[in-house]
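Colleague: I am new to this one and would like to learn how to read it. Could you walk me through it, feature by feature?

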Amino acid sequence: MERDPLYWYRSVSVDAGSDLDVSLNDPVLGRNGDVLVAVGRVVEVRPRTSTVLLLTGERSAVAAYLSSATLEGLAQGQDSPHLRMNYINAEAKLFLGDFIYTSPTSATFPPDVLIGRVAKVYPRDPFLTFQAVEVAPSLDATSLQEVLILRARRSEREPAVEEDPACMEQAPR
């Protein structure tokens, strides 16, 4: 795994590429003890390597929900150690330490993968119709040593191969 020092919280390069059927937007997980946690997604694929956009990268966003009230929002990277989760219902009661998981509505991640915990509840802005919280990721980008790339099933990636009726054997009657 390689990392650009200028963009420490943005991305990493991993030694798995198209040679191992990695493709764009494959979700990437890391391990925190015995728990798999969301780390990022594949944004560039080369023959033997890939680039992973970390959740902490400013161009990263994932649909997520808070465990205490199943309130959905959007967890967005800040190019810093923390994320910001926006678009939480303005009337919701938010609590420090709440777990944040990937949402079933996420286009990239499977549902219920741990992202992190609420580290700070931002003061409500009277001009916005939503609340926001700061999220401490479950796996600090600086301690990332290995990742797991979830690949789509081959049937989802490749169109079905049509069988030639002339080549099919007839079953005995």
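Colleague: Let me start with the rings. Which residues form one aromatic cluster?
Modeller: Tyr65, Phe99 and Tyr101 make up that cluster. Keep in mind as we go that this is a predicted model.

Colleague: How many aromatic pairs does a search of the whole structure find?
Modeller: The search turns up three. As a general idea, a pair of aromatic rings is described by the distance of the centres and the angle of the planes. Take Tyr87 and Phe130: their ring centres are 4.7 Å apart and the planes meet at 50°, a tilted pair.

Colleague: Which parts does the pair of Tyr87 and Phe130 tie together?
Modeller: Tyr87 belongs to strand β8 and Phe130 to strand β11, so the pair links parts that are 43 residues apart in sequence. As for exposure, Tyr87 is partly exposed, at 48% relative accessibility.

Colleague: I also see an arginine by a ring. Where does the charged end of Arg84 sit?
Modeller: It sits over the ring of Tyr122, 4.3 Å from the ring centre. The side chain of Arg84 also makes a polar contact, at 2.8 Å, with the side chain of Asn86.

Colleague: Let us stay with Asn86, then. Is Asn86 buried or exposed?
Modeller: Asn86 has a relative accessible area of 9%, so it counts as buried. This residue is part of strand β8. Setting aside residues up to four places away in sequence, Asn86 touches Gly73, Leu74, Gln76, Phe130, Gln131 and Ala132. Phe130 in that list is also the ring partner of Tyr87.

Colleague: Now to the interior. How should I think about a nonpolar core?
Modeller: The general idea is that in soluble globular proteins, nonpolar side chains tend to be buried together. Here the largest nonpolar core has 20 residues, and those touching the most other members are Leu66, Met85, Ile88, Ile100, Ile115 and Val133. Two or more residues of this core come from each of β6 (61–66), β8 (83–89), β10 (114–121) and β11 (130–137). Apart from it lies another core of 15 residues, including Val14, Val28, Val42 and Ala141.

Colleague: Which residues is Ile100 in contact with, leaving aside its neighbours within four places in sequence?
Modeller: The list runs through Ala64, Tyr65, Leu66, Met85, Val113, Leu114, Ile115, Gly116, Val118, Val133 and Val135. Tyr65 there is also a member of the aromatic cluster.

Colleague: Let me step back to the whole chain. How many helices and strands are there?
Modeller: The chain has one helix and 12 strands. Read from the N terminus, the strands come in a row and the helix follows: β-β-β-β-β-β-β-β-β-β-β-β-α. Of the 173 residues, 38% count as buried. Among contacts between residues at least 6 apart in sequence, 54% join residues at least 24 apart. The accessible surface comes to about 10,700 Å², with 51% of that belonging to carbon and sulfur atoms.

Colleague: And the loops? Where is the place of Pro104?
Modeller: Pro104 is in the loop between β9 (99–102) and β10. With 59% relative accessibility, Pro104 counts as exposed. Beyond its neighbours within four places in sequence, Pro104 is in contact with Tyr65, Glu72 and Pro111. Its C-alpha atom is separated by 8.1 Å from that of Ala63, 41 residues apart along the chain.

Colleague: How do I read backbone angles?
Modeller: In general, most residues other than glycine have a negative phi, and most peptide bonds are trans. Asp79 has a positive phi, near 55°. Asp79 lies in the loop between β7 (72–77) and β8, and is partly exposed at 27% relative accessible area. Asp112 also has a positive phi, of about 65°. Asp112 is in the loop between β9 and β10, and is partly exposed at 46% relative accessibility.

Colleague: One more aspartate, please. Is Asp26 buried or exposed?
Modeller: Asp26 is buried, with a relative accessible area of 4%. Asp26 is found in the loop between β2 (11–14) and β3 (27–32). A polar atom of the Asp26 side chain lies 2.9 Å from the backbone nitrogen of Ser23.

Methods. Residues are numbered from 1 along each chain as its sequence is written. This is a predicted model: local features need pLDDT of at least 70, side-chain atom pairs count only at pLDDT 80 or more; totals for chains, interfaces and linings use all residues. Side-chain values use heavy atoms; hydrogens and water are left out. A nonpolar core is a set of buried Ala, Val, Leu, Ile, Met, Phe, Trp, Tyr and Cys residues joined through side-chain atoms within 4.5 Å. Buried means under 20% relative accessible area, exposed over 50%, partly exposed in between (1.4 Å probe, protein chains only). Helices (H or I, at least four residues) and strands (E, at least two) are DSSP runs, numbered from the N terminus. Contact means heavy atoms within 4.5 Å. A polar contact is a pair of N or O atoms within 3.5 Å; within protein, one must be able to donate a hydrogen and the other to accept it, and residues adjacent in sequence count only if both atoms are side-chain atoms. Accessible areas come from the Shrake-Rupley method with a 1.4 Å probe; for residues, only the protein chains shown count as cover. Rings of Phe, Tyr and Trp (its six-membered ring) pair if their centres lie within 6.5 Å; planes under 30 degrees apart count as stacked, over 60 as edge-to-face and the rest as tilted. A charge sits over a ring if NZ of Lys or CZ of Arg is within 6 Å of the ring centre and within 35 degrees of the ring normal.
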